[in-house]
Amino acid sequence: MSAVEGGNVLPATALRGKDLLGVSELTPEEISLVLDTAEAMKEIGSRPIKKVPALRGKTVVNLFFEPSTRTRTSFEIAEKRLSADTLSIAAGTSSVVKGETLVDTVRTLEAMQPDMIVVRHASSGAAHLLSRTCRSAVINAGDGTHEHPTQALLDAFTIREHKARLSNLKVAIIGDLLHSRVLRSNVLLLTKMGARVWACGPPTLVPVDLPGLGVQVTHHVEEAVRDADVVMLLRIQLERMEGAFFPSLREYFRLFGMTSARLALARPDVLVMHPGPMNRGVEIASDVADGPNSVILEQVANGVAVRMAVLYLLAGGAEHEAVV
Ligand code: CP
């Protein structure tokens, strides 16, 4: 186990790659390493002084070309807790609005010698493009409809905290499957770790390659939810939709929305999850979102610990820095 326990770093292995671009490139052992390391990082967040010097002297740039509340703020908090020097740039306040390209923007930032760049972009593959042109470590904070690896890692961490395992759990993922990078990263991670993944949504919102990823696809929400250990709702991403994928939001909620009556088909200790932001009354009823099975705010809290773990391991983990 990689750990920061009692103020000392125990032997750890860093991630193999320079970057974290997607779950697709992580082995099950690396996923477990991140989750184990995040357990130790979570303990730091419960101390009176929530700061360790692990990334002292490192500079991290957060470059967000799309809106974000959870991911951007939790990366910033994670970086500060590890004592990194941080800088956050929103596209709207950068020279991107004057027409500068993504690559030129990042080359300009790299001239100032950052160690890591956290990037969110509307184009699938943006993080991979930067990885090829950057000396810095690149962390994908969401690229188009492709991947959102740290979201899947924090989701897995939250599930494992409650269920003590990922293998052989039934996880039902319901919502806008077509436009969701959270779906893809979660499917890749959960199937690698031995979970049974069901995906449910209207036929118009199911990616054609989904069954090939080892997922059971259904258009009947009751079938997806029945005996599930975890029910994960995905946001209807109206901003990515051109044209009508279903008749109306009211119709979507009637056919696919998570109500307490539907949730009663799942196991009594089912976890209700949502990566956020939620559309209450569309993919999830308010009493389910705020109900006793909901771990939605735990997901947010765990995002800090998991992102601390990713930053720490990409920086070399215990090989490079002592944590006091
Ligand atoms: N889950 C997620 O990525 O949320 P934000 O868009 O608020 O970062």
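Which pocket does the ligand's space make up? In this predicted model, the space taken by the ligand is the largest pocket. The views below start there and end at two cysteines.

**View 1. The shell around the ligand.** Nine names make up the surroundings: S68, T69, R70, T71, R120, H148, Q151, P275 and G276. By residue class, the shell splits into six polar, two charged and one nonpolar. The charged residues are R70 and R120. The nonpolar residue is P275. G276 counts among the polar residues.

**View 2. Polar contacts of the ligand.** Three protein partners are shown here. The side chain of S68 places an N or O atom 2.6 Å from a ligand oxygen. At T69 the backbone takes part: one of its polar atoms is 2.8 Å from an oxygen of the ligand. H148 uses its side chain, with an N or O atom 2.9 Å from a ligand oxygen. How much of the ligand's accessible area does the protein cover? On its own, the ligand has 260 Å² of accessible area, and the protein covers 91% of that.

**View 3. Two buried cysteines.** Are C134 and C200 buried or exposed? C134 has a relative accessibility of 8%. C200 has a relative accessible area of 0%. Buried means under 20%, so C134 counts as buried, and so does C200.

**View 4. Disulfides.** How many disulfides does the model hold? The count is zero. A disulfide would need a pair of cysteine sulfur atoms within 2.5 Å.

Technical notes: Residues are numbered from 1 along each chain as its sequence is written. This is a predicted model: local features need pLDDT of at least 70, side-chain atom pairs count only at pLDDT 80 or more; totals for chains, interfaces and linings use all residues. Side-chain values use heavy atoms; hydrogens and water are left out. A residue is near a molecule or strand if one of its heavy atoms lies within 4 Å of it. A polar contact is a pair of N or O atoms within 3.5 Å; within protein, one must be able to donate a hydrogen and the other to accept it, and residues adjacent in sequence count only if both atoms are side-chain atoms. Accessible areas come from the Shrake-Rupley method with a 1.4 Å probe; for residues, only the protein chains shown count as cover. On a 1 Å grid over the protein atoms alone, a cavity is a set of points where a 1.4 Å probe fits but cannot get out, and a pocket is an open set with protein on both sides within 12 Å along at least five of seven lines; lining residues have an atom within 4 Å of a point. A molecule sits in a cavity or pocket if more than half of its atoms lie within 2 Å of its grid points. Buried means under 20% relative accessible area, exposed over 50%, partly exposed in between (1.4 Å probe, protein chains only).
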